[in-house]
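Subject: The structure for you to look at

Hello,

Here is the structure I promised to pass on. Please open it alongside this message, and then read on for what I found in it.

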Amino acid sequence: MRIASSSDSSGWLELRWALIRQESNGSGYRVGRYATHGEAEQVRKALEACGDTQLYAIEKIDRLQVPSSGVGSCA
């Protein structure tokens, strides 16, 4: 997974695309975050090529979904 090294004027990294793994029990979790849709798609294809049978979705992350510190908070 490539980590973005550039940031915008507010300082948060531009990893706007998430790869979400959908589990058979209905829950899902974020596999990773990527700078471009293409990068997320490459990882999805690589996982499927290895025989992974889970479903994956690629979502654009709204800037408002990211805590200002860039780290989850309990507040």
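Below I go through confidence, the overall fold, the sheet, the helix and the salt bridges, in that order.

**Confidence**

Please keep in mind that this is a predicted model. The mean pLDDT over the protein chain is 76, and 67% of the residues reach at least 70. Two stretches call for care. In residues 1–7 the pLDDT is below 50, although the model still gives this stretch 14 contacts beyond near neighbours in sequence. Residues 68–75 also stay under 50, and here the model has 1 contact beyond four places in sequence. Where pLDDT is low, the predicted coordinates should not be read in detail. The picture is better in the secondary structure: strand 2 (residues 28–34) has the lowest confidence, with a mean of 92, while strand 1 (residues 17–22) has the highest, at 94.

**Overall fold**

The protein chain contains 1 helix and 3 strands, and along the sequence they come in the pattern β-β-α-β. Of the 75 residues, 24% are buried. If you take the contacts between residues at least 6 apart in sequence, 50% of them join residues at least 24 apart. The chain exposes about 5200 Å², of which carbon and sulfur atoms supply 52%.

**The sheet**

How are the 3 strands ordered in the sheet? They make an open sheet in the order 2-1-3, with antiparallel pairing. Strand 2 and strand 3 (55–60) are the edge strands, each pairing on one side only. From one strand to the next, the twist averages 25 degrees. As a reminder, strands of a sheet pair through backbone hydrogen bonds, either parallel or antiparallel.

Strand 1 is a good place to start looking. It is joined to strand 2 by 6 bridges, the two running antiparallel, and its antiparallel pairing with strand 3 also spans 6 bridges. Trp17 shows both pairings: on one side this residue stands opposite Tyr34 in strand 2, and it also stands opposite Lys60 in strand 3. Further along, Gln22 is placed opposite Leu55 in strand 3. Strand 1 is mostly covered, with 5 of its 6 residues buried.

The connection between strand 1 and strand 2 is a hairpin with 5 residues between the strands. Do have a look at Gly26 in that turn, as its phi is positive, at about 100 degrees.

**The helix**

Helix 1 (residues 37–49) lies across strand 1, strand 2 and strand 3, and it runs at about 25 degrees to strand 1. Within helix 1, Arg44 caught my eye. Is Arg44 buried or exposed? Its relative accessibility is 17%, so Arg44 counts as buried, the cut-off being under 20%. Beyond its neighbours within four places in sequence, Arg44 is in contact with Leu19 and Tyr56. Leu19 falls within strand 1 (residues 17–22), and Tyr56 falls within strand 3 (55–60).

**Salt bridges**

The structure holds 4 salt bridges. Which residues does Arg44 join up with in a network? Salt bridges link Glu41, Arg44 and Glu48. Between the side chains of Arg44 and Glu41 the N to O distance is 2.1 Å, and these two residues of helix 1 are 3 residues apart, about one turn of the helix. The bridge between Arg44 and Glu48 has an N to O distance of 2.7 Å. Arg44 and Glu48 are 4 residues apart in helix 1, so about one helical turn separates them. Glu48 itself is partly exposed, at 36% relative accessibility, whereas Arg44 is buried at 17%.

Another of the salt bridges involves Arg21 and Glu23, whose closest N and O atoms are 2.8 Å apart. Arg21 has a relative accessible area of 18% and is therefore buried. Glu23, at 22%, counts as partly exposed. The two values fall on either side of the cut-off, because buried means under 20% relative accessible area.

That is my tour of the structure. I hope you enjoy looking through it.

Best wishes

Key: Residues are numbered from 1 along each chain as its sequence is written. This is a predicted model: local features need pLDDT of at least 70, side-chain atom pairs count only at pLDDT 80 or more; totals for chains, interfaces and linings use all residues. Side-chain values use heavy atoms; hydrogens and water are left out. pLDDT is the predictor's confidence in each residue, from 0 to 100. Contact means heavy atoms within 4.5 Å. Two strands pair if DSSP finds at least two bridges between them. Axes are lines fitted to C-alpha atoms, for helices over the stretch in contact, and angles run from 0 to 180 degrees between N-to-C directions. Buried means under 20% relative accessible area, exposed over 50%, partly exposed in between (1.4 Å probe, protein chains only). Accessible areas come from the Shrake-Rupley method with a 1.4 Å probe; for residues, only the protein chains shown count as cover.
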